[in-house]
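User: Please take a close look at one helix packing in this model. Then connect it to the rest of the chain.

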Amino acid sequence: MTDALTSTTLDTPAEPGGGRQRPAPGERELPGWLRWVAPIVVGVVILALWIFWVDVLGTAPRMLPSPIAIAEEFVRRFPIIVRAMSVTATNALVGLVAGSVLAVLFAGLAAAAKPVDGMLAPLVSALAVIPIVAITPILNTMFGASSQFGRQAVATIAAFIPVFVNVLRGLRQTRPVHRDLLRSSAASGWQTFRVLTLPTALPYLMTGLRIASSLAVIAALVAEYFGGPADGIGTAIATYAKSGRAALAWAYVLGGILIGLVFFLVTSLLERLATRRSPV
């Protein structure tokens, strides 16, 4: 039963967007090393232009320091910045995990029952359009200025939407012919889920996690910017930007960028592992 289903599903695309796409007919596939070198070259060019604008021309805005000054502040304040990064990363991680778990549960209910899907659709649409800057002060006030829960709740809402949408789409990708094949083989509901539904939906879940990871970090940073406890990357950026210490504020921005890169790279790796196709 499993072999017959596997041989059939191998002929269908397994990647909903996370895997590398094949080149179109007549197009030549770019070498793998170019995909790594090109972003590095672009980054070096941007840094060179930035340094030239600030240090050579001297016409940059006052709140735009040189990358060299930012790097010096980042190294000098590294222990303090790392502590702030740990707070932001924890809030983003809690929000990502909580939002993903809730999204998978609700997507499973929506896929299993159309009435539930009808009830959840307007709620999810409402959550998707809630401005973070509007709800963050409310949640921070609701749960107290000394609690991180408001910030984590904002990250949870941000992560919930992409995971829910992608998982629900993945759960609906199973073909009737595959379900009929399992039903004719007397497969139980758990066997159908394990052999068909889960492998089909897993790439979509990983894609949702990759998108949600960046949104969770952004939401955590914005939530810290708009109040709550006096820690975290967002709070430090707001504090030092208002006091005119531009280089230090940008050093914390660099810390936030590093958090986002780590989240993105980890979830991208998980997505690549999940969407890796087995050889026929």
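Analyst: Helix α4 (residues 78-112) packs on helix α7 (residues 149-171) at an angle of about 35°. Their axes are 6 Å apart. The model is predicted, and every value here is computed from it. The crossing of α4 and α7 is right-handed. What kinds of residue make up the contact of α4 with α7? They divide into 19 nonpolar, 7 polar and 1 charged.

Now take one residue of α4. Phe106 lies in helix α4. Is Phe106 buried or partly exposed? Its relative accessible area is 33%, so Phe106 is partly exposed; the buried class stops under 20%. Beyond residues up to four places away in sequence, Phe106 touches Leu120, Phe160 and Phe164. Phe106, Phe160 and Phe164 also form one aromatic cluster. Residues 149-171 make up α7, and an α-helix has 3.6 residues a turn, so residues three or four places apart point the same way. Phe106 has a further spatial relation to Val116. The two are 10 residues apart in sequence and 8.7 Å apart in space, C-alpha to C-alpha.

Next, helix α9. Gly208 lies in helix α9 (residues 189-225). With 0% relative accessibility, Gly208 counts as buried. What does Gly208 touch, leaving out residues up to four places away in sequence? The contacts are Pro162, Val163 and Asn166. The C-alpha atoms of Gly208 and Ile161 are separated by 8.6 Å. Along the chain, Gly208 and Ile161 are 47 residues apart.

Helix α6 comes next. Thr136 has its place in helix α6 (residues 132-143). Thr136 is buried, and its relative accessible area is 0%. Residues up to four places away aside, Thr136 touches Val154, Val222, Ala223 and Phe226.

Phe226 leads on to the aromatic pairs. A search of the whole structure finds 7 of them. Start with Trp50 and Trp250. Their ring centres are 5.7 Å apart and their planes stand at 65°, so the pair is edge-to-face; the cut-off for that class is over 60 degrees. Which helices hold these two rings? Trp50 lies in helix α2 (residues 32-57) and Trp250 in helix α11 (residues 246-274), so the pair ties together parts that are 200 residues apart in sequence. Trp250 has 30% relative accessibility and counts as partly exposed.

Tyr225 and Phe226 form another pair. Their ring centres lie 5.4 Å apart with planes at 70°, so this pair is edge-to-face. Tyr225 is partly exposed at 43% relative accessibility. Phe226 is partly exposed too, with a relative accessible area of 36%.

Helix α11 can also be approached from helix α3. Phe74 has its place in helix α3 (residues 67-76). Its relative accessible area is 12%, so Phe74 is buried, given a limit of under 20% for that class. Which residues does Phe74 touch, not counting those up to four places away in sequence? They are Ile81, Ala251, Leu254, Gly255 and Leu258. Ala247 has a C-alpha atom 8.7 Å from that of Phe74. Along the chain, Phe74 and Ala247 are 173 residues apart.

Now the stretch before α11. Helix α10 covers residues 233-242. Its buried residues are Ile233, Gly234, Thr235, Ala236 and Ala238. Gly244 follows α10. The phi of Gly244 is positive, near 85°.

Finally, the whole chain. Its secondary structure comes to 11 helices and 0 strands. Read along the sequence, the pattern is α-α-α-α-α-α-α-α-α-α-α. Of the 280 residues in the chain, 36% are buried. Which share of the contacts with a separation of 6 or more comes from residues 24 or more positions apart? That share is 77%. The chain exposes about 16200 Å². Carbon and sulfur atoms supply 69% of this exposed area.

Back to the starting point. The contact of α4 with α7 has 19 nonpolar residues and 1 charged residue. From α4, Phe106 reaches Phe160 and Phe164. From α9, Gly208 touches Pro162, Val163 and Asn166. From α6, Thr136 touches Val154.

Definitions and conventions
Residues are numbered from 1 along each chain as its sequence is written. This is a predicted model: local features need pLDDT of at least 70, side-chain atom pairs count only at pLDDT 80 or more; totals for chains, interfaces and linings use all residues. Side-chain values use heavy atoms; hydrogens and water are left out. Rings of Phe, Tyr and Trp (its six-membered ring) pair if their centres lie within 6.5 Å; planes under 30 degrees apart count as stacked, over 60 as edge-to-face and the rest as tilted. Helices (H or I, at least four residues) and strands (E, at least two) are DSSP runs, numbered from the N terminus. Buried means under 20% relative accessible area, exposed over 50%, partly exposed in between (1.4 Å probe, protein chains only). Axes are lines fitted to C-alpha atoms, for helices over the stretch in contact, and angles run from 0 to 180 degrees between N-to-C directions. A crossing is left-handed if the near helix is turned anticlockwise from the far one by less than a right angle, and right-handed if clockwise. Ala, Val, Leu, Ile, Met, Phe, Trp, Tyr, Cys and Pro count as nonpolar, Asp, Glu, Lys and Arg as charged, and the others, Gly among them, as polar. Contact means heavy atoms within 4.5 Å. Accessible areas come from the Shrake-Rupley method with a 1.4 Å probe; for residues, only the protein chains shown count as cover.
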